[in-house]
2 protein chains.
Amino acid sequence: MEKYVIGVDFGTLSGRSVIVNVSTGEEKAVAVLDYPHGVMDEKLPDGTPLGVDWALQHPDDYLEVFRKTIPEVMSLSGVSPSQVIGLGIDFTACTMLPVKKDGTPLCKTEKFRREPNAWIKLWKHHAAQDHANRLNAIAEERGEKWLARYGGKISSEWLVPKIWQVLEESPEVYDAADRFIEAADWVIWQLTGIEMRNSCTAGYKGLWHKHNGYPSGDFYAALDQRMRNLVDDKLSRDIYPVGTRAGSITEESAKLTGLLPGTAVAVANVDAHVSMPAVGITSEGKMLMIMGTSTCHMLLGTEEKTVPGMCGVVEDGIIAGYFGYEAGQSCVGDHFQWFAENCTPAEYMKEAEERGLDIHQLLTEKAEGLKVGESGLIALDWWNGNRSVLVDVDLTGLLVGATLLTRPEEIYRALIEATAFGTREIIDTFSDNGVPVKELYAAGGIAEKNPFIMQIYADVTNREIRISGSPQAPALGSAMFGAVAAGSQAGGYDNIVEAARAMGKLKDIVYRPVKENVEVYERLFAEYRTLHDYFGRGTNNVMKRLKEIKKSVKR
Amino acid sequence: MEKYVIGVDFGTLSGRSVIVNVSTGEEKAVAVLDYPHGVMDEKLPDGTPLGVDWALQHPDDYLEVFRKTIPEVMSLSGVSPSQVIGLGIDFTACTMLPVKKDGTPLCKTEKFRREPNAWIKLWKHHAAQDHANRLNAIAEERGEKWLARYGGKISSEWLVPKIWQVLEESPEVYDAADRFIEAADWVIWQLTGIEMRNSCTAGYKGLWHKHNGYPSGDFYAALDQRMRNLVDDKLSRDIYPVGTRAGSITEESAKLTGLLPGTAVAVANVDAHVSMPAVGITSEGKMLMIMGTSTCHMLLGTEEKTVPGMCGVVEDGIIAGYFGYEAGQSCVGDHFQWFAENCTPAEYMKEAEERGLDIHQLLTEKAEGLKVGESGLIALDWWNGNRSVLVDVDLTGLLVGATLLTRPEEIYRALIEATAFGTREIIDTFSDNGVPVKELYAAGGIAEKNPFIMQIYADVTNREIRISGSPQAPALGSAMFGAVAAGSQAGGYDNIVEAARAMGKLKDIVYRPVKENVEVYERLFAEYRTLHDYFGRGTNNVMKRLKEIKKSVKR
């Protein structure tokens, strides 16, 4: 009888399950659920207003993903629960929440349900920027060595700034929180009944290191005396490598999911990281770009190098035996979507409607007709800050070169090119710092659906690009980790390299750089880099000052 | 019996007459005629195709304006021709044509009617840019002192580049032309039968100076040997101050217009310049902004100063006894229109339609709801290059500060603010160079219709702004010069200062700077200026390089 594994991918707006054949990697069925509460960035469910840059989620939405999508893939595939040997999940990160000892989210208690700081802070909650800034200054002043592992800067999206925000703004929530935990680990806890934290989020988002552990109590105390014992009081020093079996489906979670009690469950993982084995990458020199609303860049190396502006390097963080490097761009698909929603004229919407096209299809069609460099436009892709290599959420978007003859599709194309230049900057920075990037792989919605964008990336980076064979690489990767959690005796695999060999997939298509385009893009990239450094490295901090003005007048 | 004067304003697309009470300034009637041939930028009336950047007009259209609109205002107002004591006109400039000795336009002769260079080159004919570039290089190399009076650069829109283009491209037209003349002076010639050239176009567009006359024959010869005697052969050294009586309505032009033979006619004038007395400005320190698709800035000073990037300074060019300064912005209303056409989402168009609003009204309503600085955006208003103070058509637009939450109305407002910052830069440059600007006045479509924009200008410039009392300031100003041409003995005035005192008009409304707004705008303007200098003064010539790339790939 064929064996199956289930992977559940928790994204920003929805969760999806996929059921996969363990031997062949064939995906038998997929089911998606949009989170009922989506991203809460203006108010809580009861109407309590949120501040600028907040982004929260609702814990019930995650459980709803299990309750709806697992039975759905079972039913669609016709697979029997007894054939399912394991389950893995991946999550956005750092998406974190304060909980009680028994795992109850504080936002679900009567006492705290109106308190924004008791809710789940989504990865893109940016209201802890001030805390991140102070943390970075203190860490630098103290000469904290771990800082280099994170490109010299901690993001406001990560665990400690978010916890510090809770403490400063709502000390009663901080006190009431027995644990601060990644939502990734929390959902596993809900399935297995056991708190088992994974090495990937702990390493990339929680400052944990395989050999050195966490920063010292003195460091946390330097942020705030009350945080000296944060790790022992509210986090955990027990961190489990990805692929470890976290436990099994309990009686209760069997009812929730329809799976059999005892089914193996892997420790949690992160969406981007889990995609590496899904495209078959298990060795160095191959960068995977997971391209959706934002882009994550994943890369394996054989040594621990310091790369400025990377998001992090974690030993065994992606694949055991390698140093897993991560970098990222905060705004890719989001960028194009912003443009489509805010800057597309009515006549284009009408044309798209009449021709039965999505507005992005129409804009792409028009943008495709332009020669490289023809628009005279260049943009800096910082509409949502810059994650790598500048690590600065206070940077903002820039467009230069507009004239009275500039057309919407020219701006649209310039925004696409800007994100490609951003990726080029990341690749160059890795290569310049001893972590070579020889080949590119891409996964995610954009890689899957948009040959136009992928060709631009090939031309801008002057590298061949291969595309994930699965449209849901994270879910597939999670399923593979589920197979590793189950182990070979149960019909799974003993390590992720074996799982990747059997279940990893690429499409036949390869995007190859076109010489004439590469040449023009070289000139445009030189301009991009000049602007990037001028606005991004402190020569002119106009973007930050404008944000300061914005904040001061909004009060 | 009340006395009246007629002012005729020749614009880019239409001509309009207004009949005005000499004692009170009351405008009794207005009549407008759209030029039957409009702007010819693709072909001549017979189908002969035109090149890129050409813009021509038809001389018959101007006479048609006299023939239609003067009888119409007479009839509408019920004024008798015997009550009309004078007539003045203003025109776009430099709008020029080659004519025979008797005033016949070469384009009206059988020999040249198919030759584009024989036609009237409209002010915005830009096909002589190459000639302007070469002229500027030669003038600078020769150390021509007059260059400083024009901010250091001659525009391709002016007389000599346009004549040089005729010579190089159609030497037979150049040879056949007994005169090259401003259309402004040509229409006066048609009314009076005498060629009388005005000091305003000669000074601002024709390089003439009250004391020094024209550039030397050596200079013209340095452009082309055949042009050595251009001034004596085809222009004129007889230049008459604005307000001079050019002559009288002839028997023939009496038939054309319905006015009585002998009615006084003033020498021609320019639309922007003639608007100064229309709002009552006859002394220094008061800047008039004529705000439409582009903006002209007019200012009187008591000394001839060199102001970098101004369009020109001409003694007696606006008001006798003062130095008239001109500066300008190439893209104001055009800017907002570009945005409305290219970047306004369908939902906004729909809302505007449902509520019966113009899209600009809707965008204004939304933009008005924003606090100063709230958007975090700054733009450089160079979508159509920069006329003052950088005098560089190769500069392009810039927007900085966009985020994923940026809304269309925020960009719209940022573009408006950018034009206000551009005006502020002009004001500061004048003030810094010894020509103080104490008060602001505004005329034109934007001043007339858009309180939101005017308040932003008041806040950004930190100056009170008064608004023209007449919606057709140029025509009113022209009528006032008609009253001066008639003189006090005929019931008019002996000089424009007296005429302005009696007939000049302002609305009751005064836009006053709001302290809180001024403070925030000071901070934003500091950012604007840094970007202005970085991109505009050569630190980073990315805009020019992008234009180069654009040109090279478009070929």
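Me: Which residues of α11(B) are buried?
Reply: This is a predicted model in which local features need pLDDT of at least 70, side-chain atom pairs count only at pLDDT 80 or more, and totals for chains, interfaces and linings use all residues, while side-chain values use heavy atoms and leave out hydrogens and water. Residues are numbered from 1 along each chain as its sequence is written, and chains are lettered from A and ligands numbered from 1 in the order in which they are written. Buried means under 20% relative accessible area, exposed means over 50%, and partly exposed is in between (1.4 Å probe, protein chains only). By that yardstick, the buried residues in α11(B) are Gly333(B), His335(B), Phe336(B), Trp338(B), Phe339(B), Ala340(B) and Asn342(B).

Me: How many residues of helix α11 of chain B are buried?
Reply: Helices here are DSSP runs of H or I with at least four residues, strands are runs of E with at least two, and both are numbered from the N terminus. Helix α11 of chain B covers residues 333–342, and it is largely enclosed by the rest of the structure because so much of it is buried: 7 of the 10 residues.

Me: And which element of chain A is included in what covers those buried residues?
Reply: Chain B supplies part of the cover, with α13 (359–368), α14 (408–432), α15 (445–449) and α16 (451–461). Chain A joins in as well, and its element there is α14.

Me: How many residues of chain B does chain A contact?
Reply: Contact means heavy atoms within 4.5 Å. On the chain A side, 55 residues take part, and on the chain B side the number is 55.

Me: What area is buried between chain A and chain B?
Reply: Buried area is the accessible area (1.4 Å probe) that two parts lose on being put together, summed over both. Carbon and sulfur atoms give 62% of what is buried between these chains, and the whole comes to about 4,500 Å².

Me: Which residue of chain B meets Glu527(A) in a salt bridge?
Reply: A salt bridge puts a side-chain nitrogen of Lys or Arg within 4 Å of a carboxyl oxygen of Asp or Glu. Between chain A and chain B the count is 2. For Glu527(A), the N to O distance is 2.4 Å, and the partner is Arg545(B).

Me: Which element gives the largest share of the side of chain A that touches chain B?
Reply: The two chains also have 17 residue pairs in polar contact, both at pLDDT 80 or more (N or O atoms within 3.5 Å, one able to donate a hydrogen and the other to accept it within protein, residues adjacent in sequence counting only if both atoms are side-chain atoms). Elements giving two or more residues to this side of chain A include α11 (333–342), β19 (397–402) and α19 (515–536). The largest share is 9 residues, and it comes from α20(A).

Me: Which residue is the bridge partner of Gly397(A) in β19(B)?
Reply: Strands count as paired if DSSP finds at least two bridges between them. β19(A) and β19 of chain B (residues 397–402) pair in the antiparallel sense over 5 bridges. Opposite Gly397(A) in that pairing is Ala402(B).

Me: How far apart in sequence are the parts tied together by Glu195(B) and Arg179(B)?
Reply: These two form a salt bridge with closest N and O atoms 3.0 Å apart. Glu195(B) lies in the loop between α5 (183–192) and β9 (197–198) of chain B, while Arg179(B) is in strand β8 (residues 179–182), so the pair links parts separated by 16 residues.

Me: Is Arg179(B) buried or exposed?
Reply: Its salt-bridge partner Glu195(B) counts as partly exposed at 24% relative accessibility. Arg179(B) has 14%, which means that it counts as buried.

Me: Which strand pairs with β6 of chain A?
Reply: Strand β6 of chain A spans residues 96–99 and pairs in the antiparallel sense over 4 bridges. Within this pairing, Pro98(A) stands opposite Phe180(A). The partner strand is β8(A).

Me: What is omega for the peptide bond from Ala93(B) to Cys94(B)?
Reply: Cys94(B) sits in the loop between β5 (84–91) and β6 (96–99) of chain B. The bond from Ala93(B) is cis, with omega near -10°.

Me: What is phi of Leu207(A) near?
Reply: Leu207(A) is in the loop between α6 (199–205) and α7 (217–223) of chain A, and at 1% relative accessibility Leu207(A) counts as buried. Phi is positive here, in a residue other than glycine, with a value near 70°.
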